[in-house]
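Visitor: I'm new to this structure and would like a close look at just one part of it. Could you take me through the salt bridges, and then show me what surrounds them?

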Amino acid sequence: MPLKSEILVRIQANHNNIFMRYIIKYSPARRKFKKIFGQVNHFLITSIIGLDYISKNDVRCPQDLSTVWDPKDKQASISRSREYLLKMFLASAVDSLDSYFFMINRTPSILPEDLVTIFNDKKNSRSVSAKFMHIYNRYENVDHLSEYAALIALAIQWRNNLLHFNSDNSIDAKYIKILESSEQFYKENCCGLDVKIMIEHFHSCSSPTFKETTSLIYSIHKFVEIIDASLINDLDMNIFALKILKSNKIDLKGIERERAIQKMKSMLKMCGFYEDEFRGLSDQDFVEIYDEFMRGV
């Protein structure tokens, strides 16, 4: 069997002396999250425009829709439908965040071991609020995570109060403090959101307005973006790459090590890794990952 140094020389020759590394920018969980939830604000806007069109035009039930639509008070029906839509989009936003938490805990997980234990604990596994709190506490000083997290804490309790019978959940005072002390941030980053009015709507258990709903959706996107980058930054990339290869059941038996390493790289690229000159897994790392993988075969 060739020595590791000989393998590295051959790999580097195959790359025309350009020593590319391999790095991941987004976790598989975030890519799925964006695919599922990426256009939800567009869908909300489309729905609201549709209701507005109905309110201004003589719209009839389509013939191919086998039901009856003939409201006695069209404007009242539209108003109630708009309120229902906003509630459902808020619920969908919180559920999508919970889906992201579920996906980052699936193999290959990007969570550190202590968070895996917390996420799998029975009292936390079904609680989006508990998972949100634990992961936020780890990274609360990163970027503007606190401002977005405060909106999410509000969104979770608001969803619960609007959709769960007889619920009266309050929001932790620390999040209210962040919201009230960051008014200018929300106006500048959330299309002029008036956070004081939003807090009043929450306390009165009113449905969120259109702007409030879109701001809450945006905050979830930003929260996931920041958390995902932070978790990836803390990853041992060699261990994570090995997890991906094992979870995808790559077969390297009977393949010469050089070709096996190229197959490993192709698999990782299919799973979101990309080439970078300066960061990520080096050719030496791939030799070590290969050796570790084969020891477990």
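Guide: Eleven salt bridges turn up in this structure, which is a predicted model. The general idea is simple: side chains of opposite charge can pair when their charged atoms come close. Let's go through three of the pairs.

Start with aspartate 58 and arginine 60, whose side chains form a salt bridge with 3.5 Å from N to O. Are these two buried or exposed? Aspartate 58 has 61% relative accessibility, so it counts as exposed, the cut-off for that being over 50%. Arginine 60 is exposed too, and its relative accessible area is 61%.

Next up are lysine 196 and glutamate 183, joined by a salt bridge at 3.9 Å, N to O. This pair ties together distant parts of the chain, 13 residues apart: lysine 196 sits in helix α11 (residues 195-203), while glutamate 183 belongs to helix α10 (residues 183-189). Lysine 196 has a relative accessible area of 48%, so it is partly exposed. Glutamate 183, with 24% relative accessibility, also falls in the partly exposed class.

For the third, look at glutamate 292 and arginine 295, where the salt bridge spans 2.8 Å from N to O. Why are these two about one helical turn apart? Because they are three residues apart within helix α15 (residues 283-295). Glutamate 292 is partly exposed at 37% relative accessibility, whereas arginine 295, at 60%, counts as exposed.

While helix α11 is fresh in your mind, have a look at histidine 201, which is also placed there. If you skip its neighbours within four places in sequence, histidine 201 is in contact with Trp158, Ser206, Thr209 and Glu212. Arginine 106, on the other hand, lies 36 Å from histidine 201, C-alpha to C-alpha, and the two are 95 residues apart in sequence.

Now for the nonpolar side of things. The largest nonpolar core has 86 residues, and the members that touch the most others are Tyr100, Phe101, Ile104, Phe132, Ile135, Tyr186 and Phe223. Which helix gives this core its largest share? That's helix α8 (residues 145-163), with twelve residues. Zoom in on isoleucine 135 and, again leaving out neighbours within four places in sequence, you find contacts with Phe101, Ile104, Leu111, Leu115, Phe119, Phe223, Ile227 and Leu231.

Finally, step back and take in the whole protein. Its secondary structure adds up to 15 helices and two strands. The C-alpha atoms fill a box of roughly 80 × 50 × 40 Å along the principal axes. The radius of gyration is 25 Å, while a compact globule of 297 residues would come in near 19 Å. Buried residues account for 43% of the 297. About 16800 Å² of the protein is exposed, with carbon and sulfur atoms supplying 50% of that. And among contacts between residues at least 6 apart in sequence, 74% join residues at least 24 apart.

Definitions and conventions:
Residues are numbered from 1 along each chain as its sequence is written. This is a predicted model: local features need pLDDT of at least 70, side-chain atom pairs count only at pLDDT 80 or more; totals for chains, interfaces and linings use all residues. Side-chain values use heavy atoms; hydrogens and water are left out. A salt bridge is a side-chain nitrogen of Lys or Arg within 4 Å of a carboxyl oxygen of Asp or Glu. Buried means under 20% relative accessible area, exposed over 50%, partly exposed in between (1.4 Å probe, protein chains only). Helices (H or I, at least four residues) and strands (E, at least two) are DSSP runs, numbered from the N terminus. A nonpolar core is a set of buried Ala, Val, Leu, Ile, Met, Phe, Trp, Tyr and Cys residues joined through side-chain atoms within 4.5 Å. Contact means heavy atoms within 4.5 Å. The radius of gyration is taken over C-alpha atoms; the globule rule is 2.2 Å times the number of residues to the power 0.38. Accessible areas come from the Shrake-Rupley method with a 1.4 Å probe; for residues, only the protein chains shown count as cover.
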